[in-house]
Amino acid sequence: MSGAEGTPPLKSARSGLQSGRLAKEERSAGGVVLRRINGQIHALLIKDPYGNWGLPKGHLEGAEGPSEAGLREVCEETGLSDVRLGPSLRTIDWYFRLRGRLIHKYCTFFLMVSASGDPVPQESEGISACTWFPLLEAVDTVDYENAREVVRDAARLALSPEDPPVFDF
């Protein structure tokens with residue numbers, strides 16, 4: 001026992017404990033895909049099965065590393081084939097329940113660029129839209145706070161006047 005006498009220790013939602021069991025860990029990867037459209041940098045967002053705007057991402061398969069999985073998943077979920085991989089942005093994590101089991105998901109995102117091709121949502125995975133948004137508008141459009149931070153990271157890299165450009169858009 002800890003805390004006040006006779007009270008059990010508090011468990012935070014992020015402790016990974018559910019009825020004394022640890023959460024199952026899952027690994028995913030995805031990307032913030034950028035493109036220059038009419039002279040302005042845009043980011044590609046997807047509308048997920050829950051009707052929320054987010055980033056393309058998915059599970060690592062087999063012996064894939066995060067960069068390979070991120071590139072594959074972006075191409076699969078958006079229908080784009082002309083996608084170049086850039087630097088890692090950050091890894092985010094969150095908890096959710098699936099069939100009564102607590103899952104702790106880690107997702108590594110990369111900056112990516114696509115110069116051509118029309119995005120097509122992967123409807124079989126519940127993605128209903130793939131839309132290019134002006135980069136700063138994309139930051140405000142993403143519905144998940146942790147993913148919004150990833151788009152902010154991409155914007156800082158893409159718009160920084162002090163650093164050499166990450167990509168030639």
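Among contacts in the chain between residues at least 6 apart in sequence, what percentage join residues at least 24 apart? In this predicted model, the share is 69%. That figure invites a walk through the chain that follows partners in space as well as the order of the sequence, beginning with the overall inventory and then turning to strands, single residues and the pocket.

The chain contains 9 strands and 3 helices, and, read from the N terminus, its elements follow the order β-β-β-β-β-β-α-β-β-β-α-α. Of its 169 residues, 41% count as buried, while the accessible surface of the chain amounts to about 9400 Å², with 51% of that area belonging to carbon and sulfur atoms.

A useful place to start is strand E3, which spans residues 24-37 and pairs with several other strands. With E8, strand E3 pairs in the parallel sense over 11 bridges, and with E6 the pairing is antiparallel and rests on 3 bridges. Ser28 takes part in both pairings, since it stands opposite Cys107 in E8 and also opposite His59 in E6. With E4, strand E3 pairs in the antiparallel sense over 5 bridges; here Leu34 stands opposite Ala43, and Arg35 stands opposite His42. The hairpin that E3 and E4 form has 2 residues between the strands, and within this hairpin Asn38 takes a positive phi near 50°.

Strand E4 itself, made up of residues 40-47, is mostly covered, with 6 of its 8 residues buried. Besides its pairing with E3, strand E4 runs antiparallel to strand E9, residues 129-134, and the two are joined over 6 bridges; in this pairing the bridge partner of Leu44 is Trp132 in E9. Strand E4 is also joined by 2 bridges to strand E5, residues 53-54, again in an antiparallel arrangement, with Lys47 standing opposite Trp53. The hairpin of E4 and E5 has 5 residues between the strands, and in it Gly51 takes a positive phi near 80°.

Some single residues show how these elements meet. Is Gly31, which lies in strand E3, buried or exposed? Gly31 is buried, with a relative accessible area of 0%. Leaving aside neighbours within four places in sequence, Gly31 is in contact with Leu55, Pro56, Val74, Phe109, Phe110 and Met112. The C-alpha atoms of Gly31 and Ser67, which are 36 residues apart along the chain, are separated by 9.2 Å.

Leu102, placed in strand E8, counts as buried because its relative accessibility is 8%, which falls under the 20% cut-off for that class. In space, the C-alpha atom of Leu102 lies 6.4 Å from that of Lys24, although the two residues are 78 residues apart in sequence.

Asp153, found in helix H3, is likewise assigned to the buried class, because its relative accessible area is 12% and the class takes in values under 20%. When residues up to four places away in sequence are not counted, Asp153 touches Leu89 and Arg90.

The last stage of the walk concerns empty space. Rolling a probe the size of a water molecule over the atoms shows where empty space is left. How much space lies in the largest pocket? The volume comes to about 880 Å³. The lining of this pocket consists of 28 residues, and those that lie nearest its centre are Pro49, Tyr50, Lys57, Trp94 and Lys105. By residue class, the lining divides into 12 nonpolar, 6 polar and 10 charged residues.

Which elements each supply at least two residues of that lining? They are strand E3 (24-37), strand E6 (57-59), helix H1 (66-78), strand E7 (84-98), strand E8 (101-113) and helix H3 (145-159). Among these contributors, E7 gives the most, with 5 residues. The lining thus brings the reader back to elements already met: strand E3, which pairs with E8 in the parallel sense and with E6 in the antiparallel sense, and helix H3, where Asp153 is found.

Conventions. Residues are numbered from 1 along each chain as its sequence is written. This is a predicted model: local features need pLDDT of at least 70, side-chain atom pairs count only at pLDDT 80 or more; totals for chains, interfaces and linings use all residues. Side-chain values use heavy atoms; hydrogens and water are left out. On a 1 Å grid over the protein atoms alone, a cavity is a set of points where a 1.4 Å probe fits but cannot get out, and a pocket is an open set with protein on both sides within 12 Å along at least five of seven lines; lining residues have an atom within 4 Å of a point. Grid points are joined across faces, edges and corners, and a volume is the space filled by probe spheres set on the points. Helices (H or I, at least four residues) and strands (E, at least two) are DSSP runs, numbered from the N terminus. Ala, Val, Leu, Ile, Met, Phe, Trp, Tyr, Cys and Pro count as nonpolar, Asp, Glu, Lys and Arg as charged, and the others, Gly among them, as polar. Buried means under 20% relative accessible area, exposed over 50%, partly exposed in between (1.4 Å probe, protein chains only). Two strands pair if DSSP finds at least two bridges between them. Contact means heavy atoms within 4.5 Å. Accessible areas come from the Shrake-Rupley method with a 1.4 Å probe; for residues, only the protein chains shown count as cover.
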